[in-house]
Amino acid sequence: MSKRSYAELNYDDTDSVSLILDHAEGLLQAAKALKEELKALHNSNKPNDQIASIVERHNKKIASAVQLLTEDESQSHKVRKLDGSNKSSTNGSTALIIPSPVSLTRWTPQDIPGTGLPSLPPILDPALEQAALTHSGMVTKPTDMSYERLEWIGDAYLYLMSSSFIYQTFPKLSAGRCSQLRERLIKNETLSTYTVQYGINKRTKFPSEFDLRGRIGGSQASQNAKKKVLGDVFEAYVAAIILGDPEGLSRTSPWLKSLWSAMLAHEIRSEFRSQTNILQDRSNRSEGGEDAQNTESAVKQDLNPKVVLSQLIGTKGVKITYSDIGQPKKDKHTGKLPWYTVGVFFDGLGERNLQLGIGGALSKKEAGAIAARQAMDNKALMARLQKKKEEAVKSAQLAESAKEEYDNWS
């Protein structure tokens, strides 16, 4: 099967256009189905080890949808240029072959740029570049293109690529937390900022109401409306790069990988350090080069912090609880996702409602884990409670021994 290109499509043939629309809609529906099932899993009590099987199952549908976009199911058609001319193209650069999928690998600290933005890939097809940089309000003829259709397909590419990078980089992260990271990457605030930082907005043709001075005799667009169209322009620009030449996706993915890594730099470095430490500790254990205390510490790094804390200071008559502190706030990165604050409290051994630690995160589960880690980092407090635990255990053992002697004597 030959690859279908936009240059081979007859735009007067509604079947040809409908075919691309159907294939693109299939890609979006497959991605939406994956999103909904992962969201349902996050809201249930099912273990997160089901994520891999869910992604594998949906990946077949996504791969099939992408494959349909890359295959030609009919013979070559005559082309009408994007400017409305019916003359066939003589410039090979106008052939817009829909690209094949590329391998998207995980982030590493080396992907994070040192300073500034990574270089903006150019759009190699002039017609697509013109369309990507034209607001629909500036189109004067029915045959002229604006960025609206490109924005639509660009949104799908950004969604899938960001999901892939996050999924591979953070293997232990819950589906809900992965969605929160993705939201930071593809929300309008982020994309509109990229548009301005790269100066793409200065090259784009907008109606006068999007100018800061407004339109004489008309209305001025709101800040939210401006932010929305600037985000749309970025999505359209990405689509134009990808569709502009056969290697468009290969040029786009490393650029976005580097661009997005700066926004998640803290999370990427933390994940990399965590994985490196675990591998090193396991290596030390296998080689027998560490003492028992370090071996025990290495084992505990693989456990839930709440479990470790309970093992350290928990005993009969002790109750460790996790409670919300205050009302949920808004995450400073997204501005709309809830930010939870959770405290861990200790009751027993002569202590009442003793606060051990506090943590904040986008989910209560993660906030509780952070609170447990903070509690364990308080070495003096842990030592005091562990001493009380040891004394309580010894007292219980002595009492049990005395009871046994009394029973034997009687």
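**Entry 1: a loop and a strand**

I started at leucine 349, which lies in the loop between β3 (338-348) and β4 (351-361). I kept in mind that this is a predicted model. The phi of leucine 349 is near 55°, a positive value in a residue other than glycine. I noted this because most residues other than glycine have a negative phi. Is leucine 349 buried, exposed or partly exposed? I found a relative accessible area of 22%, so leucine 349 is partly exposed.

I then looked up asparagine 353, which is found in strand β4. Its phi is near 50°, again a positive value in a residue other than glycine.

**Entry 2: the whole chain**

I stepped back and read the totals. The secondary structure of the protein chain comes to 14 helices and four strands. Of its 410 residues, 39% count as buried. I also looked at contacts with a separation of 6 or more, and residues 24 or more positions apart account for 68% of them. The accessible surface comes to about 23000 Å², and carbon and sulfur atoms hold 51% of that.

**Entry 3: aromatic rings**

How many aromatic pairs does a search of the whole structure find? I got five. In one of these pairs, the rings of tyrosine 194 and phenylalanine 234 have centres 5.5 Å apart and planes at 45°, so I wrote the pair down as tilted. Tyrosine 194 sits in helix α6 (residues 188-197) and phenylalanine 234 in helix α8 (residues 223-243), so the pair links parts of the chain 40 residues apart. Both rings belong to buried residues: tyrosine 194 has 6% relative accessibility, and phenylalanine 234 has 0%.

Next I checked tyrosine 198 and tryptophan 255. Their ring centres are 6.0 Å apart with planes at 65°, so this pair is edge-to-face. Tyrosine 198 lies in the loop between α6 and α7 (200-203) and tryptophan 255 in helix α9 (residues 248-263), so parts 57 residues apart in sequence are tied together. Tyrosine 198 counts as buried at 16% relative accessibility, and tryptophan 255 is buried at 4%. I was pleased to see that ring pairs link Tyr194, Tyr198, Phe234 and Trp255 into a cluster.

One more ring caught my eye: the charged end of lysine 306 sits over the ring of tyrosine 322, 4.5 Å from the ring centre.

**Entry 4: salt bridges**

I counted nine salt bridges in the structure. One of them joins the side chains of arginine 184 and glutamate 267 (2.8 Å, N to O). Arginine 184 lies in helix α5 (residues 175-186) and glutamate 267 in helix α10, so the bridge ties parts 83 residues apart in sequence. Arginine 184 is buried at 4% relative accessibility, and glutamate 267 is buried at 15%.

Arginine 384 bridges to glutamate 351, with the closest N and O atoms 2.6 Å apart. Arginine 384 is in helix α14 (residues 379-409) and glutamate 351 in strand β4, so parts 33 residues apart in sequence are tied together. Arginine 384 is partly exposed at 37%, whereas glutamate 351 is buried at 18%. I noted that Glu351, Arg384 and Lys388 are linked in a network of salt bridges.

**Entry 5: a charge without a partner**

I finished with glutamate 271, in helix α10 (residues 265-287). Which side chain of opposite charge is nearest to glutamate 271? I found arginine 106, at 6.7 Å; glutamate 271 is buried yet has no salt bridge. Leaving out residues up to four places away in sequence, glutamate 271 touches Thr169, Phe170 and Pro171.

How values were computed: Residues numbered from 1 in each chain as written. Predicted model: local features only at pLDDT ≥ 70, side-chain atom pairs only at ≥ 80, totals over all residues. Heavy atoms only, no water. Phe/Tyr/Trp six-rings, centres within 6.5 Å; stacked < 30°, edge-to-face > 60°. Helix = DSSP H or I, 4+ residues; strand = E, 2+ residues; numbered from the N terminus. Buried < 20%, exposed > 50% of the residue type's maximum accessible area, 1.4 Å probe, protein only. Lys NZ or Arg CZ within 6 Å of the ring centre and 35° of its normal. Lys, Arg positive; Asp, Glu negative; His and termini not counted. Salt bridge = Lys/Arg side-chain N within 4 Å of Asp/Glu carboxyl O. Contact = heavy atoms within 4.5 Å. Areas by Shrake-Rupley, 256 points an atom, 1.4 Å probe, with all protein chains shown as cover.
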